[in-house]
Amino acid sequence: MNDVKTILMLDGDGIGPEVMRETRRVIDWFSANGGTRYELTNGLVGGASYDAHGQPLTDDTLKLASEADAVLLGAVGGPQWEDLNFDKKPERGLLGLRKELGLFANLRPAVVFEALAEASTLKTDIVAGLNMIIVRELTGGIYFGEPRGVEKLPDGSRKGVNSLVYTSDEVERIARVAFDLAKKRNGRLCSVDKANVLECTLMWRETVEQVHADYPQVALSHMYVDNAAMQLVRDPKQFDVIVTTNMFGDILSDCAAMLTGSLGMLPSASLGEKCADGRIPSMYEPVHGSAPDIAGKNLANPLAAILSFAMMLRYSFDDTTSADTLEDAVKRLLVSGARTADIMEAGGRQVSTSEMGDAILFELENTAS
Ligand code: NAD
């Protein structure tokens, strides 16, 4: 009998339902043609959940998320929900899921597909063939540290405070995720910190060094964040895996994203700690938002969502073969010239969201035959 995995599909808002529709077709293809059957359940999140239930994330959706083998999310947000109170905003749904599932590791690959290398703002030879991944700590650091806030001083001026806080346990668990990844990839890990100025990140560096003792096959280097920002645009191909703090990762992963030329091509994964039953809570989502400007027009690029499913195959289901099959199909369809509007800069034949879905299924069928 086939192995069965359950995936919670959270379409969300804007272009979310459109890109997820094409991703469902891809998942169904793998159910029919691979060794695993994927059972899809559906839930509401973000603005869609607010409209139906008055809140961006319900207990029902959370329960479905914690029971599923993995979660795939489209996108949340839109102008119609912008004036809501902070706790009702669609983005709170996303943050709530991350928090409740304990997703502390955010994986953002930056891959430049050969056929799209010319779409990057950097020179083609700098980015062609780029394949790196940034591991960002997602639940600690300065975005969550206490004390925080703004207070009024006796002289009438104000003082703003945020605190960069990490425990060595938090550093160790994110370092292990990064070392494990590097071990499966090209065996190079660069830990990014600001150890020359911030004591907290000196402790980060020392802890990463200690964890390294368990991964002798991985070459570890350290880099200050200012240098890392410079190196990312000077010579990004020197990197295999980068691991860094929440705030540095936030900034560097957006910088790395731009190297690839298009938001519509970028997948991501967020992983939690292994449960007693062996499952790792995980949520996969395109990096892009709900793109209200093109929502409902069949224009959105579904490849970031589809590549997010490829990451799910690789990291949640340990199915490297299927992940490679899917990523190779994406490469071939790009070589064939199929392009949604957002990646037309590199030339080619413009297709709609659903035609991009057709194109990927065509390539998958070609693999199978
Ligand atoms: P956005 O990513 O939605 O869009 C930025 C630009 O990129 C737009 O011009 C859009 O048309 C284009 N774009 C994005 N994804 C695309 C795709 N798949 N195919 C083709 N073009 C694409 O960012 P924004 O405009 O700053 O935000 C819009 C809404 O999305 C806001 O409500 C914001 O809060 C929300 N948002 C959600 C997430 C998320 O769900 N993870 C992330 C970022 C922003």
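Colleague: Which residues is Ile242 in contact with, leaving aside its neighbours within four places in sequence?

Modeller: In this predicted model, Ile242 is in contact with Met132, Ile133, Ile134, Val135, Leu189, Cys190 and Val192. Contact here requires heavy atoms within 4.5 Å. Ile242 itself belongs to strand S10.

Colleague: Why is Ile242 called buried?

Modeller: The term buried applies under 20% relative accessible area. Ile242 has 0% relative accessibility, and therefore it counts as buried.

Colleague: What makes both faces of strand S10 covered?

Modeller: Strand S10 comprises residues 241-244. On one side Val241 and Val243 are buried, and on the other Ile242 and Thr244 are buried as well. As a general matter, side chains in a regular strand alternate between the two faces of the sheet.

Colleague: How do you know that S5 and S10 are paired strands?

Modeller: Pairing requires at least two bridges between the strands. Strand S5, residues 131-137, is joined to S10 by four bridges, and the two run parallel. Within this pair, Val135 stands opposite Val243 of S10.

Colleague: What makes S8 a partner of S10?

Modeller: The same test of at least two bridges applies. Strand S8, residues 188-193, pairs with S10 over four bridges in the parallel sense. Ser191 has Val243 in S10 as its bridge partner.

Colleague: Why is S5 described as largely enclosed by the rest of the structure?

Modeller: Six of the seven residues of S5 are buried, so the strand is largely enclosed by the rest of the structure. S5 also pairs with strand S4, residues 105-111, through seven bridges, and these two strands run antiparallel. In that pairing Arg108 stands opposite Ile134 of S5. The C-alpha atoms of Arg108 and Ile242 are separated by 9.8 Å, although the two residues are 134 residues apart along the chain.

Colleague: Why does Leu189 count as buried?

Modeller: The limit for buried is under 20% relative accessible area. Leu189 has 2% relative accessibility, so it counts as buried. Leu189 is located in strand S8. Beyond its neighbours within four places in sequence, its contacts include Ala178, Phe179, Val218, Leu220, Val241, Ile242 and Val243.

Colleague: How far apart in space are Leu189 and Gly289?

Modeller: Their C-alpha atoms are 29 Å apart, and the residues are 100 residues apart in sequence. Gly289 is listed among the closest residues to the ligand, together with Glu91, Ala291, Asp293 and Asn301. In total, 21 residues surround the ligand.

Colleague: What makes the approach of Asp293 to the ligand a polar contact?

Modeller: A polar contact is a pair of N or O atoms within 3.5 Å. An N or O atom in the side chain of Asp293 is 2.9 Å from an oxygen atom of the ligand, which satisfies that limit. The ligand has 810 Å² of accessible area on its own, and the protein covers 68% of it.

Colleague: Which atoms of Ser290 and His288 lie 3.1 Å and 3.3 Å from ligand atoms?

Modeller: For Ser290, a backbone N or O atom lies 3.1 Å from an oxygen atom of the ligand. For His288, a polar side-chain atom lies 3.3 Å from a nitrogen atom of the ligand. The shell around the ligand divides into ten nonpolar, seven polar and four charged residues.

Colleague: Why is Asn298 called partly exposed, whereas Asp318 is called exposed?

Modeller: Buried means under 20%, exposed over 50%, and partly exposed lies in between. Asn298, at 27% relative accessibility, therefore counts as partly exposed. Asp318 has a relative accessible area of 58%, and so it is exposed. Asn298 lies in the loop between strand S12 and helix H10, and Asp318 in the loop between H10 and helix H11.

Colleague: What is notable about the backbone of Asn298, Asp318 and the bond between Glu146 and Pro147?

Modeller: Most residues other than glycine have a negative phi, and most peptide bonds are trans. Asn298 has a positive phi, near 60°, and Asp318 has a positive phi of about 50°. The peptide bond joining Glu146 and Pro147 is cis, with omega about 0°. Pro147 is in strand S6, residues 145-152.

Methods:
Residues numbered from 1 in each chain as written. Predicted model: local features only at pLDDT ≥ 70, side-chain atom pairs only at ≥ 80, totals over all residues. Heavy atoms only, no water. Buried < 20%, exposed > 50% of the residue type's maximum accessible area, 1.4 Å probe, protein only. Near = heavy atom within 4 Å. Polar contact = N/O pair within 3.5 Å; in protein donor to acceptor, adjacent residues only side chain to side chain. Areas by Shrake-Rupley, 256 points an atom, 1.4 Å probe, with all protein chains shown as cover. Nonpolar A, V, L, I, M, F, W, Y, C, P; charged D, E, K, R; others polar.
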